[in-house]
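Colleague: I have a structure open here and a few things to ask about. Can we go through some residues, then the aromatic rings, the empty space and the cysteines?

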Amino acid sequence: MLKIDKTDFDAMRQHGEETYPHECCGVLLGQMDINVRSVSSVVRCGNTRTDSPQNRYHIDPRELIRIQRQGRERGEDIVGFYHSHPDHPARWSTTDLAEAHWLGCSYVITSVEKGRAAVTNSFELAGSDEGDKKLIDEKIDVDQTET
């Protein structure tokens, strides 16, 4: 399960609206328990794909390392990633699975229809290695409490 507060949930969705018609992408930082990933901060990333940013995304590895280091300084780990699907369903694609490598992390996808965030779904990357990895549906628990 992915636990996230409403402010961070809304920030991911807004990021997708702002980058439409291109895909947005970002990192979810927080704490990971056995079956729960709790998000404590959302970090926007630049989509470095220049060949097809409307249906693909890529996070620069240097940016990812910087985010991971800054998170660790605050006691946070990478618990997941998010991106948008402009004018496509909030379901993972074969490319999403092929390019997902962080086993045990959440992969959140927001469908952005005509510039407006619609459905947001999350998937856990399960498996023991690259050979048997799979994305499985994951519940999102959005904390509505004001912080």
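Modeller: I59 is found in the loop between β3 (37–45) and α2 (61–73); helices (H or I, at least four residues) and strands (E, at least two) are DSSP runs, numbered from the N terminus. A note on the source: this is a predicted model, where local features need pLDDT of at least 70, side-chain atom pairs count only at pLDDT 80 or more, and totals for chains, interfaces and linings use all residues. Residues are numbered from 1 along each chain as its sequence is written, and side-chain values use heavy atoms, with hydrogens and water left out.

Colleague: Is I59 buried or exposed?

Modeller: I59 counts as buried, at 11% relative accessibility. Buried means under 20% relative accessible area, exposed over 50%, and partly exposed in between (1.4 Å probe, protein chains only).

Colleague: What is I59 in contact with, leaving aside its neighbours within four places in sequence?

Modeller: C25, G26, V27, C45, G46, T48, L64 and F81. Contact means heavy atoms within 4.5 Å. As for R37, its C-alpha atom is separated from that of I59 by 21 Å, with the two residues 22 apart along the chain.

Colleague: F81 is on that list. Which ring does F81 pair with?

Modeller: The count of aromatic pairs comes to two. In one of them, the ring centres of F81 and W102 are 5.4 Å apart and the planes are at 65°, so this pair is edge-to-face. The rule takes rings of Phe, Tyr and Trp (its six-membered ring) as a pair if their centres lie within 6.5 Å; planes under 30 degrees apart count as stacked, over 60 as edge-to-face and the rest as tilted.

Colleague: Where do F81 and W102 sit in the chain?

Modeller: F81 is in strand β4 (residues 77–86), and W102 is in the loop between α3 (94–98) and β5 (106–113). They are 21 residues apart, and the pair links distant parts of the chain. F81 is buried at a relative accessible area of 5%, whereas W102 is partly exposed at 30%. With Y107, F81 and W102 form one aromatic cluster.

Colleague: Now the empty space. What lines the largest pocket?

Modeller: The three cluster residues F81, W102 and Y107 are in that lining, along with Y57, H58, I59, P61, L64, E99 and H101. The volume of the largest pocket is about 270 Å³. On a 1 Å grid over the protein atoms alone, a pocket is an open set of points with protein on both sides within 12 Å along at least five of seven lines, a cavity is a set where a 1.4 Å probe fits but cannot get out, and lining residues have an atom within 4 Å of a point. Grid points are joined across faces, edges and corners, and a volume is the space filled by probe spheres set on the points.

Colleague: How does the lining of the largest pocket divide?

Modeller: Into seven nonpolar, two polar and one charged. Ala, Val, Leu, Ile, Met, Phe, Trp, Tyr, Cys and Pro count as nonpolar, Asp, Glu, Lys and Arg as charged, and the others, Gly among them, as polar.

Colleague: And the second largest pocket, what is its volume?

Modeller: About 180 Å³. Its lining has three nonpolar, five polar and four charged residues, among them E23, R56, H85, W92 and D96.

Colleague: How many cavities of 30 Å³ or more are there?

Modeller: One. It holds about 50 Å³ of space, and its lining includes Y57, H83, W92, D96, E99 and Y107.

Colleague: Cysteines next. How many disulfides?

Modeller: Zero, with a disulfide taken as a pair of cysteine sulfur atoms within 2.5 Å. For C24, the nearest cysteine sulfur is that of C25, 6.7 Å away. For C105, the nearest is that of C45, at 13 Å. C24 is buried, with a relative accessible area of 2%, and C105 also counts as buried at 2%.

Colleague: Which residues does H15 touch?

Modeller: C24, C25, R44, C45 and Y82, leaving aside neighbours within four places in sequence. H15 is in helix α1 (residues 6–19) and is buried at 5% relative accessible area.

Colleague: Last one: is I34 buried or exposed?

Modeller: Exposed, at 79% relative accessibility. I34 lies in the loop between β2 (25–32) and β3.
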